[in-house]
Amino acid sequence: METDLAALAVGVLTGAATGFGQETVAAVVRMVRERLAATPRGQAALDGVEAEPGDEGARREAETVLREALRADQRLQQALATHLNVSPTHMTNVVMVNGTKMRGNQITLGPITLHKPNTTAGLLGLAVSLVAVAAVLVYGVLRLAGEEPGNDEAGGAKARALSVAEVLRTLPGATDLPEAWETARAAHVGMSGNAKCHNAEAEFESQERDSSGASDLRVRYVMYACPDTAIATTGFAILTGDGSNPADRRETAFPSRILGDESAASSYKVDDEFMAAPGDVGSYLTWRARVGTVVIEMHYGPARDDVGSEREAEELMRIVCDRAREAQARG
């Protein structure tokens, strides 16, 4: 049982196993990452599978380490089985690949359930049928959404949905930003409140000082990964129209260079020292952009005196937009 459960859990981490809800994916990814990171060998396996999700050797190593952990920790085994909705004692021959579930002698492809034949000729015929059914389903979904296959574009590159692991890797680390920035909170899975898109967040602090010697400038990224460009476009419109920010202040739009496929920039001020901490008082800039299937929201501030600028904020947003485009192009 541990073999299948470990493989399925690692598949969720890499994005190979799909068809699970956002909360399930977030919980499984968190548990797998935490358990693998608990030992030097596990951390190395985690680094390998996150750097190359499609590498078979990296995947097998992560599965091996997790399998050993599951044998030693029945509570972890039960927790993963519960989240993945499988039995910890009857999970045999269960595989999830891009939304197709194979359990025992049944194969489920979306709303269609087929029974595996017992003969070699029958299996070959079923394989051909599965390919045809999958093609029809995918084409039908695209047609229903008003899109032809292959028309999801992200700046000239094929747009595609990103897995949770890919989103975490797409958010920048401190070394991806200018030297003045340090990590305040590393990339982690967030809760988007939208079951269609999963998200991750990261926050950084500037080490630059203003005239008083204070260093309060921060930048916070929230990245939403959606299943297709249509949902991402709708999400971008909602975020832009809503204009909500951590300070709950009214935003004022200002003209800016287009980043990604579409973007919008705005500003707001926090000037009430009685209602806000001194370190939060100042001007803030917000950028929102869509890059293919990914929507990015960035909050930057407070900008005071000679610390912080619109130019720097735009560059920080451009870095993440470029990373989102590159991540989708790698597919």
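The following exercises, each with a worked solution, concern a predicted model.

**Exercise 1. Characterise the lining of the second largest pocket.**

Step 1. The volume of the second largest pocket is about 320 Å³.

Step 2. Its lining consists of 16 residues, and those nearest the centre are P53, G54, R160, E166 and R169.

Step 3. Two elements, helix 3 (40–51) and helix 7 (164–170), each contribute two or more residues to this lining. Helix 7 supplies the largest share, namely three residues.

Step 4. Sorted by chemical class, the lining of the second largest pocket comprises six charged, six polar and four nonpolar residues.

**Exercise 2. Determine which residues of helix 3 are buried and explain why they lie on the same side of helix 3.**

Step 1. Helix 3 has twelve residues, and the distance from its first C-alpha to its last is 16 Å, close to the 16 Å expected at 1.5 Å a residue.

Step 2. The buried residues in helix 3 are G42, A45, L46, V49 and E50.

Step 3. Because these residues cover an arc of only 125 degrees around the axis, they fall on the same side of helix 3.

Step 4. The general rule is that an α-helix has 3.6 residues a turn, so residues three or four places apart point the same way.

**Exercise 3. For the salt bridges R67 with E63, R318 with E315 and R218 with E203, state the separation in sequence and the exposure of each partner.**

Step 1. In the salt bridge between R67 and E63, the closest N and O atoms are 3.9 Å apart. Both residues belong to helix 4 (residues 56–72), where they are four residues apart, about one turn of the helix. R67 has a relative accessibility of 13% and therefore counts as buried; E63, at 8%, is buried because its value is under 20%.

Step 2. R318 and E315 form a salt bridge with an N to O distance of 2.5 Å. They are separated by about one helical turn because they are three residues apart in helix 9 (residues 310–329). R318 is partly exposed at 26%, and E315 is partly exposed at 32%.

Step 3. The salt bridge between R218 and E203 has an N to O distance of 3.9 Å. R218 lies in strand 9 (residues 218–225) and E203 in strand 8 (residues 198–206), so this pair ties together parts that are 15 residues apart in sequence. R218 is partly exposed, with a relative accessible area of 23%, and E203 is partly exposed, with a value of 23%.

**Exercise 4. State how many salt bridges the model contains and which residues are joined with R67 into one network.**

Step 1. The count comes to 20 salt bridges.

Step 2. Through shared partners, salt bridges join E56, R59, R60, E63 and R67 into one network.

How values were computed
Residues numbered from 1 in each chain as written. Predicted model: local features only at pLDDT ≥ 70, side-chain atom pairs only at ≥ 80, totals over all residues. Heavy atoms only, no water. 1 Å grid on protein atoms, 1.4 Å probe; cavity = no way out; pocket = protein on both sides within 12 Å on 5 of 7 lines; lining within 4 Å. Points joined across faces, edges and corners; volume = space filled by probe spheres on them. Nonpolar A, V, L, I, M, F, W, Y, C, P; charged D, E, K, R; others polar. Expected span 1.5 Å × (residues − 1). Buried < 20%, exposed > 50% of the residue type's maximum accessible area, 1.4 Å probe, protein only. Arc of directions from axis to C-beta. Salt bridge = Lys/Arg side-chain N within 4 Å of Asp/Glu carboxyl O.
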